[in-house]
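Hi everyone, thanks for coming. I'd like to walk you through a structure that may be new to you, so please have a look at it first.

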Amino acid sequence: MAINVIFAILIIFVIIRTTAYGIYCIKKTSISGGISVFFLDACVIAAGYIALFTSKGI
């Protein structure tokens, strides 16, 4: 149980940082620079959901 809480906090941190970097990329370059970062963000969200809310994770 404690490892799931720690892992959830880590996932939330990664999602926030990746989203912030995606917004930064869109502001500095263009939409093409931010698309790959937001795709990475979507993959982190999917992996976090699988790890935390299904029996396939930790």
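Let me start with the inside of helix α1, whose buried residues are I11, T18, G22 and C25. Buried here means under 20% relative accessible area, while exposed means over 50% and partly exposed is in between, with a 1.4 Å probe and protein chains only. What covers those buried residues of α1 includes α2, residues 31-53.

A quick word on where this comes from. This is a predicted model, in which local features need pLDDT of at least 70 and side-chain atom pairs count only at pLDDT 80 or more, while totals for chains, interfaces and linings use all residues. Residues are numbered from 1 along each chain as its sequence is written, and side-chain values use heavy atoms, with hydrogens and water left out.

Now the overall picture. The protein has two helices and zero strands; both kinds of element are DSSP runs, numbered from the N terminus, with H or I over at least four residues for a helix and E over at least two for a strand. The radius of gyration is 13 Å, well over the 10 Å that the globule rule gives for 58 residues, so the protein is more spread out than a compact globule. That radius is taken over C-alpha atoms, and the rule is 2.2 Å times the number of residues to the power 0.38. Along its principal axes, the C-alpha trace spans about 40 × 15 × 10 Å.

How much of the protein is buried? Of its 58 residues, 17% count as buried. The accessible surface comes to about 4400 Å², and 77% of that belongs to carbon and sulfur atoms. Those areas come from the Shrake-Rupley method with a 1.4 Å probe, and for residues only the protein chains shown count as cover.

Let's take the helices in turn. Helix α1 runs over residues 2-28, and at 1.5 Å a residue its 27 residues should span 39 Å; the end C-alpha atoms are 39 Å apart, which agrees. The expected span is 1.5 Å times one less than the number of residues. For α2, with 23 residues, the expected span is 33 Å and the end C-alpha atoms are 32 Å apart, which agrees too.

The buried residues of α2 are G34, V37, D41, V44, G48 and A51, and they pack against α1. Contact, by the way, means heavy atoms within 4.5 Å. Among the contacts with a separation of 6 or more, 41% are between residues 24 or more positions apart.

A few pairs help to show how the chain is laid out. Look at A20 in helix α1: A20 and V37 are 17 residues apart in sequence and 9.6 Å apart in space, C-alpha to C-alpha. Compare I6, also found in helix α1. The C-alpha atoms of I6 and I23 are likewise 17 residues apart along the chain, but they are separated by 26 Å. From helix α2 we can pick L40, whose C-alpha atom is 9.4 Å from that of G22, 18 residues away along the chain.

And how open are those residues? A20 is partly exposed, at 44% relative accessible area, and L40 is partly exposed at 48%. I6, at 55%, is exposed.

Next, the cysteines. How many disulfides does the structure hold? It holds zero, a disulfide being a pair of cysteine sulfur atoms within 2.5 Å. The sulfur of C25 is 16 Å from the closest cysteine sulfur, in C43, which is too far for a bond. As for their surroundings, C25 counts as buried because its relative accessibility is 9%, whereas C43, at 37%, counts as partly exposed.

Last stop, the aromatic rings. Rings of Phe, Tyr and Trp (its six-membered ring) pair if their centres lie within 6.5 Å, and planes under 30 degrees apart count as stacked, over 60 as edge-to-face and the rest as tilted. By this rule there are two aromatic pairs. One of them is Y49 with F53, a tilted pair at 5.5 Å centre to centre with 45° between the planes. Y49 and F53 are separated by about one helical turn because they are four residues apart in helix α2. F53 counts as exposed, at 61% relative accessibility.

That's my tour, and I'm happy to take questions.
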